[in-house]
Amino acid sequence: MKDITPRRVKVSGWRNRLAASRRFQRWAARFPLTRRITRNEGEQLFDLVSGFVYSQVLQALVQLDALKDIAAKPVTPDDLAKKHEIDPARMRVLLHAGVSVGLLKLKKPDRYALTQRGASLLGVPGLEALIRHHSVFYRDLQDPVALLRGDVETELSEFWPYVFEGPSALPEDVAHTYSNLMADSQGLIAEDTLRFVSLKNVKRLMDVGGGSGAFLAVAGKAYPNLQMALFDLPAVTSQAKDVLKAAKVWDRTEVIAGSFRKNDLPEGADAISLVRVLYDHEDGTVKKLLADVYAALPPGGRIIISEPMSGGQAPLRATDAYFAFYCMAMQTGQVRSSDKIAKFCENVGFIGIEKPKPFRPYVTSVVSAVKPI
Ligand SMILES: CC(C)=CCC/C(C)=C/CC/C(C)=C/C=C/C(C)=C/C=C/C=C(C)/C=C/C=C(C)/C=C/C=C(C)/C=C/CC(C)(C)O
Ligand SMILES: C[S@@+](CC[C@H](N)C(=O)[O-])C[C@H]1O[C@@H](n2cnc3c(N)ncnc32)[C@H](O)[C@@H]1O
């Protein structure tokens, strides 16, 4: 029979040596002063071990549109079982799991309602669509070591074709799907960006890689006198009219179709924003883009960069695990820290760099800088 006794592992550092000792673990679980710490540590480890399962519970609830149904009125497992042709006992398992992860609560025995957290999820624009598209991302992560070795043909790399291709290679219907996913999730990003950056003294803002105009729609509403320009690939900008008209900023926004890989950036804006653009690209592309932004700005002009950023020396789950692996699966780009982005800005000549402490690092962080006068 195979020996299943754990082998002794060499552990450096006395605290870690104790933590790794089965004998100490047993003792600490009984000793009154360490009992709670031991239990919490175990719980945290268990969450790490089983995180994928929790995410799949969420995925099932979203795919079945169950959160929306439950938001309208509390449901029994039978209600949803009939609708989705799933065995009622299994539906109960899903709803109970939904309670355990904090999205649902049991109203009466067998009647499930939404918790405040479940309701918050529905209130975040585009979050359900992002969760749905995780089925692609998680397939790429199935063998994480193969992904790290670069041995996987990833699906995500095909999901965002604009990252690799020139404008002509992006059919409009394809562009539409991606831009919608981006635009829906733009609300929180715009909110958090404008929390740190005042556009009070800006006359004309150009949003480079601005997608279908969702950031400008928010910025334009907040600053009624702001003139604006949107620069993106032609297949993407063609959808901007509807978004900008709906936000009533169409008459003060110029839409410019082009590629920052192939064309110079147009002049005329005293502020240029790059929202969720840099992390899609390799260092070489980013350095060239920042130099082009510098060239396009007048003296005193400002660059505003907003995207999820690495925690640097204090790594963050959302960016250093989620977005870092996301970029790896896209097979391009990388999550950079605000320090690294600031350094890139400095290297092309920007000064007055600001890196405000982000409100929600899982949403976005901001770096801004000015071109010297
Ligand atoms: C009732 C009483 C008395 C008090 C109420 C107390 C109170 C204030 C309760 C709070 C309720 C509330 C307002 C909750 C708000 C919750 C919010 C705003 C939650 C936001 C969550 C946002 C999340 C989870 C965002 C997730 C974003 C993801 C996963 C983004 C993924 C983006 C990707 C993959 C982008 C890819 C682009 C590419 C290709 C890399 O360029
Ligand atoms: C992740 S999306 C962000 C869109 C928008 N800024 C937002 O945050 O919702 C990246 C954007 O950069 C644009 N982009 C990528 N390569 C580009 C290029 N070479 N020239 C211009 N825009 C480009 C894409 O079309 C896409 O709209």
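Select F46 first, in helix α3, and note that this is a predicted model. F46 counts as exposed, at 54% relative accessibility, and if you add F52, V53 and Y54 to the selection you will have a nonpolar patch on the surface, whose members together present about 420 Å² of accessible area.

Before going further, zoom out to the whole chain. The protein chain carries 18 helices and nine strands, and its C-alpha trace spans about 70 × 55 × 40 Å along the principal axes. Of its 373 residues, 40% are buried.

Next, select R22, R23, R26 and R30, which gather on the surface in a patch of positive charge. R30 belongs to helix α2, which covers residues 22–30, and with a relative accessible area of 57% R30 is exposed.

Now turn to the salt bridges, of which a search of the whole structure finds 14. Side chains of opposite charge can pair when their charged atoms come close. Show the side chains of R132 and D65, which meet in a salt bridge at 3.6 Å, N to O. R132 sits in helix α8 (residues 127–140), while D65 is in the loop between α3 (32–63) and α4 (66–72), so this pair ties together parts that are 67 residues apart in sequence. Both ends of the bridge can be checked against the surface: R132 is partly exposed, with a relative accessible area of 32%, and D65 is likewise partly exposed, at 29%. Extend the selection to K68 and E128, and you will see that D65, K68, E128 and R132 are linked in a network of salt bridges.

Staying with helix α8, move to R139 and display E155 with it: their side chains meet in a salt bridge at 2.7 Å, N to O. E155 lies in the loop between α9 (144–149) and α10 (156–159), and R139 lies in helix α8, so the two tie together parts that are 16 residues apart in sequence. E155 counts as partly exposed, at 34% relative accessibility, and R139 also counts as partly exposed, at 43%.

For a salt bridge inside one helix, select D292 and K288, whose side chains meet at 2.7 Å, N to O. The two residues are four apart in helix α16 (residues 283–296), and are therefore separated by about one helical turn. Which of these two side chains is buried, and which is partly exposed? D292 is buried, because its relative accessible area of 15% falls under the 20% limit, whereas K288, at 39% relative accessibility, counts as partly exposed.

Finish among the strands by selecting β3, residues 204–208, which is mostly covered, with four of its five residues buried. Then add strand β4, residues 227–232: β3 and β4 run parallel and are joined by five bridges. To follow the pairing at the level of single residues, pick V208 and look across to β4, where F231 stands opposite. While tracing the side chains here, it may help to recall a general point: in a regular strand the side chains alternate between the two faces of the sheet.

Technical notes:
Residues numbered from 1 in each chain as written. Chains lettered and ligands numbered in written order. Predicted model: local features only at pLDDT ≥ 70, side-chain atom pairs only at ≥ 80, totals over all residues. Heavy atoms only, no water. Patch = residues over 30% accessible without salt bridge, like charges linked within 9 Å, V, L, I, M, F, W, Y side chains within 5 Å. Areas by Shrake-Rupley, 256 points an atom, 1.4 Å probe, with all protein chains shown as cover. Salt bridge = Lys/Arg side-chain N within 4 Å of Asp/Glu carboxyl O. Lys, Arg positive; Asp, Glu negative; His and termini not counted. Charge placed at Lys NZ, Arg CZ, Asp CG, Glu CD. Buried < 20%, exposed > 50% of the residue type's maximum accessible area, 1.4 Å probe, protein only. Pairing = 2+ DSSP bridges.
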